[in-house]
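Welcome, and please load the model in your viewer. We will go from one selection to the next, pausing at each stop to see what is there.

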Amino acid sequence: MQLDADHTKQPMSVWRAFVHAWVRIFGVPEILVMALGTEFKGEFADQCASRGVLVLPTAPRAPWQNGKVEGAGKAWNGSFRNATQL
């Protein structure tokens, strides 16, 4: 994830990176499944709510709950990489 020039994980910095990397291309998702680090709270959560995005947090101290999301992301990255190679 590319963050702002200050390279922080502040909620608005992360939101702007998310908009640039995902929303700009694919549109606003209906659902986001994610660990609830501090970068996804506050302003990030407010931006999601204002756009009708349902945020489904994984349980604290349960990283295995992200397994399905990580697997889907890995598969998507592979497909994207294959599609963009000439």
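Helices here are DSSP runs of H or I with at least four residues, and they are numbered from the N terminus. With that in hand, select Phe26: its place is in helix H1. Keep in mind throughout that you are looking at a predicted model.

**The whole chain**

Before zooming in, colour the chain by secondary structure. You should find 3 helices and 2 strands, and from the N terminus on they follow the order α-β-α-β-α. Of the 86 residues in the protein, 24% are buried. Now switch on a surface: the protein exposes about 6400 Å², and carbon and sulfur atoms supply 59% of that area. As for contacts with a separation of 6 or more, 43% of them are between residues 24 or more positions apart.

**Along helix H1**

Select residues 11–26, which make up helix H1, and look along the helix to Val19, where H1 bends by about 45 degrees. Next, pick out the buried residues of H1: Pro11, Ser13, Val14, Trp15, Ala17, Phe18 and Val23. What lies over them? Show strand S1 (31–34) and helix H2 (43–50), which are among the elements that cover these buried residues. Then step past the end of the helix to Gly27, which follows H1 and has a positive phi, near 90 degrees.

**A nonpolar patch on the surface**

Go back to Phe26. At 43% relative accessibility, this residue counts as partly exposed, because the partly exposed class runs between 20% and 50%. Add Trp22, Ile25, Trp76 and Phe80 to the selection: together with Phe26 they form a nonpolar patch on the surface, with about 510 Å² of accessible area in total. The elements that give two or more residues to this patch are H1 and helix H3 (67–84). Which of them gives the most? That is H1, with 3 residues.

**The aromatic rings**

Now show the aromatic side chains as sticks. A search of the whole structure finds 5 aromatic pairs. Start with Trp15 and Phe18, a tilted pair with 5.5 Å centre to centre and 50 degrees between the planes. Trp15 and Phe18 are separated by about one helical turn because they are 3 residues apart in helix H1. In general, an α-helix has 3.6 residues a turn, so residues three or four places apart point the same way. Both Trp15 and Phe18 are buried.

Keep Trp15 selected and add Phe44. Here the pair is edge-to-face, with 5.3 Å centre to centre and 75 degrees between the planes. This pair links distant parts of the chain, since Trp15 sits in helix H1 and Phe44 in helix H2, 29 residues apart. Trp15 and Phe44 are both buried. To see the wider group, bring in Phe40 as well: ring pairs link Trp15, Phe18, Phe40 and Phe44 into a cluster.

**Arg51, a neighbour of Trp15**

From Trp15, move on to Arg51, found in the loop between H2 and S2. Is Arg51 buried or partly exposed? At 41% relative accessibility, Arg51 counts as partly exposed. Leaving aside neighbours within four places in sequence, Arg51 is in contact with Trp15 and Val28. Try a distance label too: the C-alpha atoms of Arg51 and Pro29 are separated by 9.1 Å, and the two residues are 22 residues apart along the chain.

**Last stop: Thr58**

Finally, select Thr58, in the loop between strand S2 (54–57) and H3. Is Thr58 buried or exposed? With 12% relative accessibility, Thr58 counts as buried, because the limit for that class is under 20%. Show what surrounds Thr58: leaving aside its neighbours within four places in sequence, its contacts are Val33, Met34, Ala35, Gln65 and Asn66. Of these, Val33 and Met34 fall in strand S1 (31–34).

Key
Residues are numbered from 1 along each chain as its sequence is written. This is a predicted model: local features need pLDDT of at least 70, side-chain atom pairs count only at pLDDT 80 or more; totals for chains, interfaces and linings use all residues. Side-chain values use heavy atoms; hydrogens and water are left out. The bend at a residue is the angle between axes fitted to the seven residues ending there and the seven starting there. Buried means under 20% relative accessible area, exposed over 50%, partly exposed in between (1.4 Å probe, protein chains only). Contact means heavy atoms within 4.5 Å. Patches are made of residues with over 30% relative accessible area and no salt bridge: like charges are joined within 9 Å, nonpolar side chains (Val, Leu, Ile, Met, Phe, Trp, Tyr) within 5 Å. Accessible areas come from the Shrake-Rupley method with a 1.4 Å probe; for residues, only the protein chains shown count as cover. A salt bridge is a side-chain nitrogen of Lys or Arg within 4 Å of a carboxyl oxygen of Asp or Glu. Rings of Phe, Tyr and Trp (its six-membered ring) pair if their centres lie within 6.5 Å; planes under 30 degrees apart count as stacked, over 60 as edge-to-face and the rest as tilted.
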